[in-house]
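Hi there,

Here is the structure I promised to pass on to you. Have a look at it first, and then read on for my notes.

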Amino acid sequence: MHTPRDAVSVKEFRVKSTTPPPELGSAIAHAIKSGSQIDLMAVGAGAINQAVKSIPIAQSFVSSFGTSLTEEIRFFRSKSPEGEILGIAIRVMGS
């Protein structure tokens, strides 16, 4: 049975260039296992790199209980004291 997209819990993880991919991958896997979707929010090349590296790590964790991951990538805008910034949001979903 599929749950309507609106009814699924979405957790937002803000990723920095210093975020360890193994820890982020583990957090993604735990959230997916509990039925949530994840939005990885990253601004800057280093943060985007860490976010992308965490996804195959999460996939290795969730594959042990028969789940695969899919991703949707989009831009997001956010306000900061310096003005508007543009970042990458990666929605990670289990299937």
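**What I found**

Threonine 18 is exposed, since its relative accessible area is 64%. This residue belongs to the loop that links E1 and H1. Its C-alpha atom lies 7.9 Å from the C-alpha of glycine 46, although 28 residues separate the two along the chain. Before you go further, please keep in mind that this is a predicted model.

Let me start with the strands on either side of helix H1. Strand E1 covers residues 10-15 and strand E2 residues 37-42, and the two pair in the parallel sense over six bridges. Two of the facing positions are easy to find: valine 10 is opposite glutamine 37, and lysine 11 is opposite isoleucine 38. Together with helix H1 (residues 21-33), these strands form a β-α-β unit, and the unit is right-handed.

How enclosed is E2 by the rest of the structure? Six of its six residues are buried, so E2 is largely enclosed. The side chains of a regular strand alternate between the two faces of the sheet. In E2, Gln37, Asp39 and Met41 point one way, while Ile38, Leu40 and Ala42 point the other way, and all of them are buried.

E2 also has a partner in E4: five bridges join these strands, and they run antiparallel. Here leucine 40 stands opposite isoleucine 90 of E4. Isoleucine 90 is also opposite isoleucine 73, in the pairing of E3 with E4, which is antiparallel and has 12 bridges. E3 spans residues 69-80 and E4 residues 83-94, and a hairpin of two residues connects them.

Within E4, you may want to look at leucine 86. Is leucine 86 buried or exposed? The answer falls in between: it counts as partly exposed because its relative accessibility is 45%. Leaving out neighbours within four places in sequence, leucine 86 is in contact with Val43, Phe75, Phe76 and Arg77. Leucine 24 is 62 residues away from leucine 86 along the chain, and their C-alpha atoms are separated by 22 Å.

Now to helix H2, which takes in residues 45-62. Its 18 residues reach 26 Å from the first C-alpha to the last, close to the 26 Å expected at 1.5 Å a residue. Which residues of H2 are buried? They are Ala47, Gln50, Ala51, Ser54, Ile55, Ala58 and Val62. An α-helix has 3.6 residues a turn, so residues three or four places apart point the same way. The cover over the buried residues of H2 includes E1, H1, E2, E3 and E4.

One of those buried H2 residues, glutamine 50, is worth a click. Why does glutamine 50 count as buried? Its relative accessibility is 10%, and buried means under 20%. Not counting residues up to four places away in sequence, glutamine 50 touches Val15, Lys16, Ser17, Thr19, Pro21 and Leu24.

Last, a word on the rings. The charged end of lysine 33 sits over the ring of phenylalanine 65, at 5.1 Å from the ring centre. As for aromatic pairs, the count comes to zero when ring centres have to lie within 6.5 Å.

Happy browsing, and do write back with any questions.

Best wishes

Methods. Residues numbered from 1 in each chain as written. Predicted model: local features only at pLDDT ≥ 70, side-chain atom pairs only at ≥ 80, totals over all residues. Heavy atoms only, no water. Pairing = 2+ DSSP bridges. Helix = DSSP H or I, 4+ residues; strand = E, 2+ residues; numbered from the N terminus. Right-handed = clockwise from strand over helix to strand, strands pointing away. Phe/Tyr/Trp six-rings, centres within 6.5 Å; stacked < 30°, edge-to-face > 60°. Lys NZ or Arg CZ within 6 Å of the ring centre and 35° of its normal. Expected span 1.5 Å × (residues − 1). Buried < 20%, exposed > 50% of the residue type's maximum accessible area, 1.4 Å probe, protein only. Contact = heavy atoms within 4.5 Å.
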